[in-house]
Amino acid sequence: MSADTFDIQAVSDPLEPRDSDVVVANERSEFVLEVTNFSVDYGVGDNMVRAVNDVTLHLRRSKVLGIAGESGSGKSTLVYAMTRLLRAPGVISAGDVILNVTNPDNETESTSVNLVTASEKELRKVRWSHVSIVLQSALSALNPVLRVGREFDEVLKTHRPDMSKVQRRSRAAELLAMVGLNEDRLVRFPHELSGGQRQRIMIALALALDPDLVIMDEPTTALDVVTQREIISELHHLRSRFGFAMIFITHDLSLLVELADEIVVMYAGEIVERAGARELYDAPRHPYTLGLLNSFPPLHGQRRELTGIPGSPPDLSDLPQGCNFYPRCPFRMARCEHEAPALTSIENADRGVACWLHSPDSPIAVPVELSRTANPARNSAPAERSRS
Ligand code: ATP
Ligand code: MG
């Protein structure tokens, strides 16, 4: 993948510019990313399906947001559309995505860019430099006919024209060292490297320009468990060292709890639960989150029976009338069939769930599986804990 191919992929048209498109410099925002009422459709007319529906999320600087959900829940569509890398027939149909980029000349200030309405020129300025993305298909994203060093050279040459060839080479070696690879890999072709090495190279490329935000779409799914754990641990160290914020997508919640500060769970294009990572893992509130947790073996701690989630995700062109999870929900009530629950704050401002069971007028008590309390002693630094 080169700087050019990264830009060519951006084919979705921007929405009409609005007032929110104005780019302003101000005191550095505590949030690096603010996504509001964001929706994405595929196709038009009768064939249109809404793959992302009314998503709102905020990411604080230097934090990791995990996005979990089964295959087809809209995770990739959300991040591709947010960064305007979505291909036709995908279109952004509503919402704003504000990226607050740190000003290079004054780190106490940031500039807001609405990625939904930004021009291609503005997008080129922020991509790689302020937001970078490791695509789901990253294992095949490296250009097979280019030596690895050329990939780094292209990105650095495009975005740091002031750097000399020697400086670019030295920066590439430094980046490889950061992800645990020897600089001799720079003269190799992608096919001469293992899957784990190629994935590390993609991560090093994403970090090349010291971005505010790095988005990783299932970067370790195709790797064996040992390599997966090594890369997760390296990402944790890199983030502590460089302070970038990260969005990390996976369907595996037990992997996510190792790395994320907060997690949102998606189902049929909507956020059904959001919470601190450990809270969500120890004390899920949505029946779907509980089902996901029971679908994967925990990496640490007590073993539990894996029950999975019966049934399959809904067809987006034929969604249930009420709650999208209704047909598969073990705790469903009459109301759920006809009325869709909205994501509502519970317990604290950062925690939300879209489920009628937690409504004050629910006719039944919240089931014990969905009312556990999280262990407060385990709420902080999940990744630190996991290395012990
Ligand atoms: P996975 O875990 O398998 O990567 P995901 O959560 O990333 O899944 P998406 O790839 O975002 O899911 O897909 C969300 C929905 O959008 C799916 O129902 C999918 O069928 C639909 N979709 C994706 N691409 C297209 C397309 N080009 N045309 C029509 N529908 C699409
Ligand atoms: Mg995906």
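**Strand pairing, a nonpolar core and a ligand shell**

Strand β11 (residues 270-276) pairs with strand β13 (residues 348-353) in the antiparallel sense, over two bridges. Helices and strands here are DSSP runs numbered from the N terminus (H or I, at least four residues, for helices; E, at least two, for strands), and two strands count as paired if DSSP finds at least two bridges between them. The model is a predicted one, in which local features need pLDDT of at least 70 and side-chain atom pairs count only at pLDDT 80 or more, while totals for chains, interfaces and linings use all residues. Residues are numbered from 1 along each chain as its sequence is written, with chains lettered from A and ligands numbered from 1 in the order in which they are written.

Within the pairing of β11 and β13, Arg274 stands opposite Gly352. Strand β13 also pairs with strand β12 (residues 344-346), in the antiparallel sense and over three bridges; here Ile346 faces Asn348. One residue lies between the strands of this β12 and β13 hairpin, and Glu347 takes a positive phi near 65°.

A helpful strand to find next is β4 (residues 64-68): it is largely enclosed by the rest of the structure, because five of its five residues are buried. A residue is buried if 20 or more other C-beta atoms, placed from the backbone, lie within 10 Å of its own. On one side of β4 are Val64, Gly66 and Ala68, on the other Leu65 and Ile67, and both faces are covered. Strand β4 pairs in the parallel sense with β9 (residues 245-249) over four bridges, and with β10 (residues 262-267), also parallel, over four bridges. Gly66 has Phe248 as its bridge partner in β9 and stands opposite Ile263 in β10.

Phe248 and Ile263 appear again in the largest nonpolar core, which has 99 residues; they are among the members that touch the most others, as is Ile247. Such a core is a set of buried Ala, Val, Leu, Ile, Met, Phe, Trp, Tyr and Cys residues joined through C-beta atoms within 7 Å. Helix α6 (residues 195-206) gives the most to this core, with six residues.

Turning to the ligand, 15 residues surround ligand 1, and Tyr42, Ala51, Ser71, Ser76 and Thr77 come nearest. A residue is near a molecule if its C-beta atom, placed from the backbone, lies within 6 Å of it. Helix α2 gives the most to this shell, with three residues.

Key: Buried ≥ 20, exposed ≤ 12 C-beta atoms within 10 Å, placed from the backbone.
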